[in-house]
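Me: Please take one part of this model and describe it closely, beginning with how its interior is packed and then moving outward to what surrounds it. I work with cut-offs every day, so please give them wherever a term depends on one.

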Amino acid sequence: MTTMLPGKILIVDDDMDVLRAARLLLKRHFEHVDFERNPQKIPYLVSNFDYDVILLDMNFTRDLSSGKEGFEWLDRILDVKPQASVVLFTAYGDVEMAVRAIKAGACDFVLKPWENEKLLATMQAAYNKHRVATQKEKPVNTDGQLITGNSAAMQQVMDTVQRVAATDANILILGENGTGKDMLARHIHHLSLREKQPLVGVDLGAISETLFESELFGHVKGAFTDAREDRLGRFEEANGGTIFLDEIGNISLPFQAKLLTVLQNRSVTRVGSNKTIPIDVRLICATNRNIQQMAGQHLFRQDLLYRINTIEIQLPSLRERTEDIIPLAEHFLQLYRDKYKRPVTALHEALVQQLQQYDWPGNIRELQHAIERAVILSQGKMLMPKDVFVKSPSREQDLDTGYNLEEMERNIITQAMKKCNGNITEAARELGLSRAALYRRLEKYNL
Ligand SMILES: Nc1ncnc2c1ncn2[C@@H]1O[C@H](COP(=O)(O)OP(=O)(O)OP(=O)(O)O)[C@@H](O)[C@H]1O
């Protein structure tokens, strides 16, 4: 029986056959194995994903046999992550090069064509070395790590992100509830040149109309009854950094006009004041609504849409990226196993199938909560289908209520509220919605 290590491996090689073969082997022994053909992506990958071991080719196309490129990339990796465990991979290796590689900071060296046992033993040793070296620094809770997976849809999203993150372009992120819009906005901010400046998130769906202006643009003392002192608005708080306006599709037309004025003038005026304050913010917006359609129906201002969607990123639903379900589930398994100190280390094959067949209407949030609950309830080393509660995998059953989507949504929310005895936090978790999103629906359906 093989032991599965909870490690994260990156293989970088420009030969697709090598990548496939090495991944196939390593996937049987490490929980997460990524691969990349283009070495230019190394700095991005290494700074954003916490790899235990990087298996790096020494010769990319530019220079076929000296290993020079491998040494250059090794230096780049160690610049970004001095603790990284790098194993070098080459078809032209010799003892002298191996010694130089280790002197330059590599962990070890493997010759191509490789012997599976040797490659595996080297990778396991490198993994152990890295874990020991980083144990003290590693936080137990690695929440917040963005898992991209290997689906074409998500790769496309990440390619766009990589191209636009460092520009100041306004970005509109579209996607269903729980697809990771908020998380992606944070990721973009961290990759941007404003990273050291504030990132201010505002859930526009959760702000009442009366507080909208004061919350966003601030107010001065005495502007209204409760304004006992001057207050900075969210735009001013974000000055120099990024403002993330979530649920942008939920604001009324008059507030859309106010927001447009601020974006056009690049300045805000606090409520009760007539002094304009210049602001310099990068704008990221998100919505789960069909905003183009809303603009067509005059529910959303076309001129505001042009302002906010310089770059539009559509996040795929989880059912459109089924190949990412298991990497995400494994990530959450590891996260909650560490957090709750459970012995569980792997997903049972039958559970893998169940997770892949389910529709995930609440997307990643629903998957995350399903795995969290299951890890808490699990008893052995394997997470079993019985540990994971998902609603019926069959779509047909859901259609018994008829084809009216709103009616279906109303029924599901009513059931969840009943099941959770009216507890909003619990019901929102069950439904894979944020609390604010559930509140809006309760209001909409008068529940
Ligand atoms: N790529 C990802 N990797 C790991 N975790 C993720 C990823 N995307 C989302 N999550 C997790 O899923 C949950 C939902 O993500 P997030 O809040 O970003 O979604 P959202 O699309 O903004 O949701 P909503 O529309 O309901 O506000 C969060 O707990 C987040 O940590």
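Reply: Two residues are in contact, or touch, if their C-beta atoms, placed from the backbone, lie within 7 Å. This is a predicted model, in which local features need a pLDDT of at least 70 and side-chain atom pairs count only at pLDDT 80 or more, while totals for chains, interfaces and linings use all residues. Residues are numbered from 1 along each chain as its sequence is written.

The part I have chosen is centred on I284, which touches I171, I173, A185, I188, T242 and F244 once residues up to four places away in sequence are left out. I284 belongs to the largest nonpolar core, where, among 38 residues, I173, F235, I243, I284 and C285 touch the most other members. At least two residues of this core come from each of α6 (152-164), β6 (171-174), α7 (181-191), α8 (209-217), β10 (242-246), β13 (282-287) and α12 (302-308). Another core lies apart from this one; it has 34 residues, including Y51, L56, V86 and A101. Such a core is a set of buried Ala, Val, Leu, Ile, Met, Phe, Trp, Tyr and Cys residues joined through C-beta atoms within 7 Å. A residue is buried if 20 or more other C-beta atoms lie within 10 Å of its own, exposed if 12 or fewer, and partly exposed in between. The helices (H or I, at least four residues) and strands (E, at least two) are DSSP runs, numbered from the N terminus.

As for the sheet that holds I284's strand, 5 strands are arranged as an open sheet in the order β7-β10-β13-β6-β14, with parallel pairing, where two strands pair if DSSP finds at least two bridges between them. Its edges are formed by β7 and β14 (311-314), each of which pairs on one side only. Neighbouring strands here are turned against each other by 15° on average, direction ignored; axes are lines fitted to C-alpha atoms, for helices over the stretch in contact, and angles run from 0 to 180 degrees between N-to-C directions. Within the sheet, β6 and β13 are paired in the parallel sense over 4 bridges, and I171 stands opposite I284 in β13. Helix α7 packs on this sheet, where α7 touches β6, β7, β10 and β13 and makes an angle of about 165° with the direction of β13.

Helix α8, another contributor to the core, has E213, S214, L216 and F217 as its buried residues. These pack against β7 (199-203), β8 (218-219), β9 (231-232), α9 (234-237), α10 (253-265) and β11 (267-269). After α8 comes G218, with a positive phi near 85°. Returning to α7, its residue L191 has its C-alpha atom 9.5 Å from that of S47, although the two are 144 residues apart along the chain. S47 lies in helix α2 (residues 42-48) and counts as partly exposed because it has 14 C-beta neighbours inside 10 Å.

For context, there is also an open sheet of 5 strands in the order β2-β1-β3-β4-β5, with parallel pairing. At its edges are β2 (30-36) and β5 (108-111), each pairing on one side only, and neighbouring strands of this sheet are turned by 20° on average, direction ignored. Strand β1 (residues 5-12) is joined to the parallel β2 by 6 bridges, with L5 opposite F30 in β2. Helix α1 (residues 16-27) lies across β1, β2 and β3 (53-57), running at about 170° to β2.

Further along the chain, the axes of helices α13 (residues 325-340) and α15 (residues 363-377) come within 9 Å and cross at roughly 45°, which means that α13 is oblique to α15. In this scheme, angles under 35 degrees count as roughly parallel, over 145 as roughly antiparallel, 65 to 115 as roughly perpendicular, and the rest as oblique. The residues of α13 that take part include L328, F332 and Y336, and those of α15 include L367, I371 and V375.

Over the protein as a whole, the secondary structure comes to 19 helices and 16 strands, and 35% of the 447 residues count as buried. Among contacts between residues at least 6 apart in sequence, 71% join residues at least 24 apart.
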